[in-house]
4 protein chains.
Amino acid sequence: MKTYALTDDDVQLVEEAKRKIAALYTEDRHHVGAALRTASGNIVSAVHIEVNVGRVTVCAKAIAIGSAISSGEKQFDTIVAVRHPYSDEENRALQVVSPCGMCRELISDYAPHCFIILPIDGALQKVQIHELIPFKYTRM
Amino acid sequence: MKTYALTDDDVQLVEEAKRKIAALYTEDRHHVGAALRTASGNIVSAVHIEVNVGRVTVCAKAIAIGSAISSGEKQFDTIVAVRHPYSDEENRALQVVSPCGMCRELISDYAPHCFIILPIDGALQKVQIHELIPFKYTRM
Amino acid sequence: MKTYALTDDDVQLVEEAKRKIAALYTEDRHHVGAALRTASGNIVSAVHIEVNVGRVTVCAKAIAIGSAISSGEKQFDTIVAVRHPYSDEENRALQVVSPCGMCRELISDYAPHCFIILPIDGALQKVQIHELIPFKYTRM
Amino acid sequence: MKTYALTDDDVQLVEEAKRKIAALYTEDRHHVGAALRTASGNIVSAVHIEVNVGRVTVCAKAIAIGSAISSGEKQFDTIVAVRHPYSDEENRALQVVSPCGMCRELISDYAPHCFIILPIDGALQKVQIHELIPFKYTRM
């Protein structure tokens with residue numbers, strides 16, 4: 001898998017995701033934040049929406065992409081999600097997390113060349129979304 | 001079921017949902033728009049995000065609520081969704097649609113007194129979300 | 001809302017849902033069981049499938065309906081779900097639970113006259129699914 | 001990515017998935033079938049359940065796994081899904097399809113060493129599920 005080092009803009013994007021979830025963290029409601037940089041350089045950040053019926057929950061990356069599209073954005077460059085610890089976790093660090101399978105589907109549909117920032121072997125790196133969903137489902 | 005007549009603000013909210021989906025309609029990607037009025041009077045609008053794997057799709061109301069929460073909003077007053085016809089439908093009118101079962105779960109968790117604008121007997125009316133998901137699932 | 005008293009067959013259906021989840025309960029994986037009676041009188045029971053990414057979880061009623069359809073069944077008469085307590089809950093009773101909004105959509109599509117057994121005012125009763133999702137979303 | 005050739009049992013598994021969806025195909029309701037072989041050699045097959053609100057749909061692989069678990073099975077060896085063409089498609093062949101992102105999450109949680117049969121470069125091959133969801137989301 002081809003990986004890329006983070007740029008200064010990427011480091012700022014991670015910081016924005018952290019800032020967002022630190023500001024809006026709510027137990028059992030919002031514990032993941034995401035930040036998305038569009039091709040035009042705009043940054044859109046969001047938190048995830050936990051629902052009591054877990055199947056109805058929406059991820060932070062999906063809300064960020066939906067918000068950006070709803071503002072007229074169409075081209076996405078890089079996205080990252082950060083997880084805030086629950087109140088009973090010892091490790092209080094905000095941690096960058098890899099995308100779930102649903103977000104991989106969504107991002108690969110809307111931005112097949114988008115970079116995802118994720119931790120690999122303990123360090124933050126970037127990969128393109130298509131590498132994270134090899135042999136993606138299609139109707140052929 | 002107790003129903004309420006639309007106020008002038010509600011009529012404007014419907015117009016905003018229509019304006020949003022008319023501006024951003026994209027075949028097979030975005031055909032529903034939603035507009036949400038918060039308790040502070042702000043309006044947040046969004047479109048739905050269709051994904052090739054249909055299970056991954058996110059509704060317009062969910063994106064609107066997620067966007068509003070991500071902006072720091074917490075109290076929601078009224079929400080509405082409008083559906084744009086596909087390119088092959090004869091009826092070209094934008095139509096207010098009732099919420100799906102997933103949006104009923106989400107809205108009733110986050111805003112149990114929120115009003116939903118929907119068509120009843122051919123006319124737009126408002127009902128409170130809890131009326132649309134009677135005997136809601138709880139763990140008791 | 002029109003409610004119906006449970007028949008002897010309904011009481012047996014509840015028992016089957018309890019038996020199924022009691023037998024297969026697994027912490028963080030399966031804590032809800034469902035039992036479905038088809039129009040031909042067959043009973044199909046199932047447990048829910050919890051996934052670490054909560055959005056991917058599938059409800060017990062959905063698995064029961066999917067299993068029945070995969071066996072060639074098409075007409076469904078009555079369905080019920082029962083929740084097993086987590087290991088740290090004081091109340092150890094198996095409790096009949098109301099359907100979530102997603103199951104309301106699924107059941108009303110596949111069996112619009114199906115009866116749902118649920119607790120109302122502390123007693124088990126039956127209602128038809130369409131009463132639980134009033135003004136259901138349609139494209140009109 | 002390490003790939004494996006199909007065994008005779010695998011070829012039979014593909015045939016079972018084809019047989020299931022050929023028997024139960026219903027326009028707009030069931031067009032994907034799946035077959036699962038458990039570690040004990042049992043085969044469980046199922047169809048997918050399309051719901052009008054697409055987000056509520058459940059995949060054939062999820063129904064097959066849920067059915068197997070509901071029968072007391074816990075160890076899964078190999079799984080495959082086959083798509084039936086819609087009535088308006090020219091190509092009438094039943095085609096093996098790759099798993100969606102949601103099924104990748106589910107399978108990797110319940111059977112991290114499970115083999116997936118999928119088409120690679122025009123030929124059916126097997127890979128282990130973890131290869132299809134690299135750097136899977138975890139809470140760490």
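Student: Is Cys103(A) buried or exposed?

Tutor: Relative accessible area is the value to look at, and this is a predicted model, so the value is computed from its atoms. Cys103(A) has a relative accessible area of 5%, which is under the 20% cut-off, so Cys103(A) counts as buried.

Student: How many disulfides does the structure hold?

Tutor: The general idea comes first. A disulfide is a covalent bond between the sulfur atoms of two cysteines. Here, the structure holds zero disulfides over all chains. Take Cys103(A) again: the nearest cysteine sulfur belongs to Cys59(A) and is 3.8 Å away. Because a disulfide needs the two sulfur atoms within 2.5 Å, that pair does not count.

Student: And what about Cys114(B), where is its nearest cysteine sulfur?

Tutor: That sulfur is on Cys103(B), 11 Å away, and Cys114(B) is in no disulfide. Cys114(B) is also buried, with a relative accessible area of 2%.

Student: Let's turn to a histidine. Where is His30(C) found?

Tutor: Look at chain C, in the loop between helix H1 (8–24) and strand E1 (32–38). His30(C) is buried, because its relative accessible area of 6% is under 20%.

Student: What does the side chain of His30(C) reach?

Tutor: For a polar contact, we look at pairs of N or O atoms. In this case the side chain of His30(C) reaches the backbone oxygen of His48(C) at 2.7 Å.

Student: Which residues does His30(C) touch, leaving out those up to four places away in sequence?

Tutor: Within chain C, they are Ile21(C), Leu24(C), Tyr25(C), Val47(C), His48(C) and Ile49(C). From chain D, His30(C) touches Ile69(D) and Tyr110(D).

Student: Now an interface, please. How many residues of chain B are in contact with chain A?

Tutor: On chain B there are 29 residues, in contact with 29 residues of chain A. The two chains bury about 2,500 Å² between them, with 62% of it on carbon and sulfur atoms. Ser70(B), Asp109(B) and Tyr110(B) supply 23% of the area that chain B buries against chain A, more than any other three residues.

Student: How many salt bridges and polar pairs are there between chain B and chain A?

Tutor: The rule finds zero salt bridges across this interface, while 13 residue pairs are in polar contact.

Student: Which elements of chain B give two or more residues to that side?

Tutor: They are helix H1 (8–24), strand E2 (43–47), helix H2 (60–70) and helix H3 (101–110) of chain B. H2(B) gives the most, with six residues. By class, the side of chain B that touches chain A has 15 nonpolar, seven polar and seven charged residues.

Terms used. Residues numbered from 1 in each chain as written. Chains lettered and ligands numbered in written order. Predicted model: local features only at pLDDT ≥ 70, side-chain atom pairs only at ≥ 80, totals over all residues. Heavy atoms only, no water. Helix = DSSP H or I, 4+ residues; strand = E, 2+ residues; numbered from the N terminus. Buried < 20%, exposed > 50% of the residue type's maximum accessible area, 1.4 Å probe, protein only. Polar contact = N/O pair within 3.5 Å; in protein donor to acceptor, adjacent residues only side chain to side chain. Contact = heavy atoms within 4.5 Å. Buried area = accessible area lost by both parts, 1.4 Å probe. Salt bridge = Lys/Arg side-chain N within 4 Å of Asp/Glu carboxyl O. Nonpolar A, V, L, I, M, F, W, Y, C, P; charged D, E, K, R; others polar.
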